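Trainee: Please choose one part of this structure and take me through it closely. I should like to see how its pieces are connected to each other, and then how the surrounding regions are built.

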Amino acid sequence: MSNQHVAVVGGGVIGLSVAWRAAAAGHRVTVVDPAPGRGASWVAGGMLAPVTEAWPGEEESLALGEESLKRWPAFAQALAQDGVDPGLSTAGTLVVAFDRADADQLDIVAGYLRSVGREVEQVTGRRLRSLEPGLGAVRSGLLVPGDLGVDNRKLLRSLEAAALRRGAEFTGDAARAVEPGRVRTAHCEVRCDVVVIAAGAHSARLHPLLARGVRPLKGEILRLRARRTSLPPPTRTVRAVVEGRPVYLVPRADGELVLGATQYEAGFDETVSARGVRELLEGAERIFPSIDEYELVETAAGLRAASTDTLPFIGDLGDGVLAATGHHRNGLLMAPVTADAVVAWLAGEKPPAEALAADPARLGTGGV
């Protein structure tokens, strides 16, 4: 149905994407968030990489991510028309291994991807250094040209501008409770026809089913800038495994380099730890030695909305409440397919087939 009043709880990349698409579809939209465009989305790396995120046993996440990746070019083009260019990159990804054990892990990933019909090219360390001369003594790697990337901060600013242009309203307040037909905050009550819970790691406190499936997972990032005496950043995203620990280096068009990603259980703690900074810099220096000459311009931490089975929760929670949360590492990647699924439900239509596996009904059946 059109012209429903939709309250979107959460103004990260998922909430803003849903708000923009729903408003563009003719719904009245209110976004409930005290600081839209911030949170975990603000400190993300911006990788749109379902293949290089893949792991055995996560086939449904891979299928959902690949479907969303297909939708990204049209999503970015429409967003550029309604907001500003979000900076979509088609440079692809290199996945590199530092030592023999790391190379063995990449062999497992490559074998798994081939078993499910995805092709990646395994390359030597010499070939990797020919593609990215700043790389150090890496052993081997994978070349994944199909992965995309986006400047997460440009994306968030563009989504907020596009949602406003389409008529969405923003409360500037935090949700304290979600009930059928209303969202309560400290200062007001938003009455609506449908509530969409897209509050990331905080979604768990807003619905009893989500409390069983969503938890915060802390991650830290660094932003660095090359100096005149150092090598420039890589031309494409470089993901690495260094002695079992993942690290990624994501170049930005403005010359900055985003470095992540620690990942550990820390509740709702968003402070940056000395250990996290040290691990990131040590791992990155082994892969890209020139980084030790870079200027460190920002440290930050965010809380991913982790689900207990790596799939997000997208769909009906009952009583006019929809879920769009629990995207773990893939919120930016899955924003287009999530928004399209929510808009389909609002219209009484079938969502994309790949989104059906993310039905939150599995929380009530012992499936998670």
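Mentor: A residue counts as buried when its relative accessible area is under 20%, as exposed when that area is over 50%, and as partly exposed in between. By that scale Cys 188, with a relative accessibility of 35%, is partly exposed, whereas Cys 192, at 11%, is buried because its value lies under 20%. Please bear in mind that the model is a predicted one.

These two cysteines do not bond to each other. The sulfur of Cys 192 has that of Cys 188 as its closest cysteine sulfur, but the separation is 11 Å and therefore too far for a bond. Cys 188 is accordingly in no disulfide, and the structure as a whole holds 0 disulfides.

The part I propose to examine is an open sheet of 3 strands, ordered β10-β11-β12 and paired in the antiparallel sense. Its edge strands are β10 and β12 (189-191), each of which pairs on one side only. Neighbouring strands of the sheet are turned against each other by 15° on average, with direction ignored. As a general principle, strands of a sheet pair through backbone hydrogen bonds, either parallel or antiparallel.

Consider the pairings in turn. β10 (residues 175-179) and β11 (residues 182-185) run antiparallel and are joined by 4 bridges; within this pairing, Ala 175 has Thr 185 of β11 as its bridge partner. The hairpin of β10 and β11 has 2 residues between the strands, and in it Gly 181 takes a positive phi near 85°. On the other side of β11, 3 bridges join that strand to β12, again antiparallel, and Val 183 stands opposite Val 190 in β12.

For comparison, there is an open sheet of 3 strands with the order β3-β8-β4 and antiparallel pairing. There, β3 (47-48) and β4 (88-89) stand at the edges with a single partner strand each, so one side of each has no neighbour in the sheet. β4 pairs with β8 (residues 148-150) over 2 bridges, and Ser 89 stands opposite Gly 149 in β8.

We may now turn to the interior. The largest nonpolar core has 56 residues, and Leu 155 and Val 196 have the most contacts inside it. Helix α9 (residues 331-346) supplies the largest share of this core, 9 residues. Beyond its neighbours up to four places away in sequence, Val 196 touches several residues, among them Val 6, Val 8, Val 18, Leu 322 and Val 342. A second, separate core of 23 residues includes Leu 94, Leu 224, Leu 257 and Leu 280.

Leu 155 also leads us to helix α1 (residues 13-24), in which Leu 16 is placed. The C-alpha atoms of Leu 16 and Leu 155 are separated by 9.9 Å, although the two residues are 139 apart along the chain. Leu 16 has a relative accessible area of 0% and is therefore buried. Leaving aside neighbours within four places in sequence, its contacts include Gly 10, Gly 37, Leu 156, Leu 159 and Phe 170.

Finally, the annotation: an unreviewed UniProt entry lists residues 5-345 as "domain: FAD dependent oxidoreductase". Over that range the chain is 33% helix and 30% strand, with the end C-alpha atoms 14 Å apart.

How values were computed. Residues are numbered from 1 along each chain as its sequence is written. This is a predicted model: local features need pLDDT of at least 70, side-chain atom pairs count only at pLDDT 80 or more; totals for chains, interfaces and linings use all residues. Side-chain values use heavy atoms; hydrogens and water are left out. Two strands pair if DSSP finds at least two bridges between them. UniProt positions are given in the numbering used here, feature names are shortened, and annotations may be inferred rather than shown by experiment. Axes are lines fitted to C-alpha atoms, for helices over the stretch in contact, and angles run from 0 to 180 degrees between N-to-C directions. Buried means under 20% relative accessible area, exposed over 50%, partly exposed in between (1.4 Å probe, protein chains only). Contact means heavy atoms within 4.5 Å. A nonpolar core is a set of buried Ala, Val, Leu, Ile, Met, Phe, Trp, Tyr and Cys residues joined through side-chain atoms within 4.5 Å. A disulfide is a pair of cysteine sulfur atoms within 2.5 Å.
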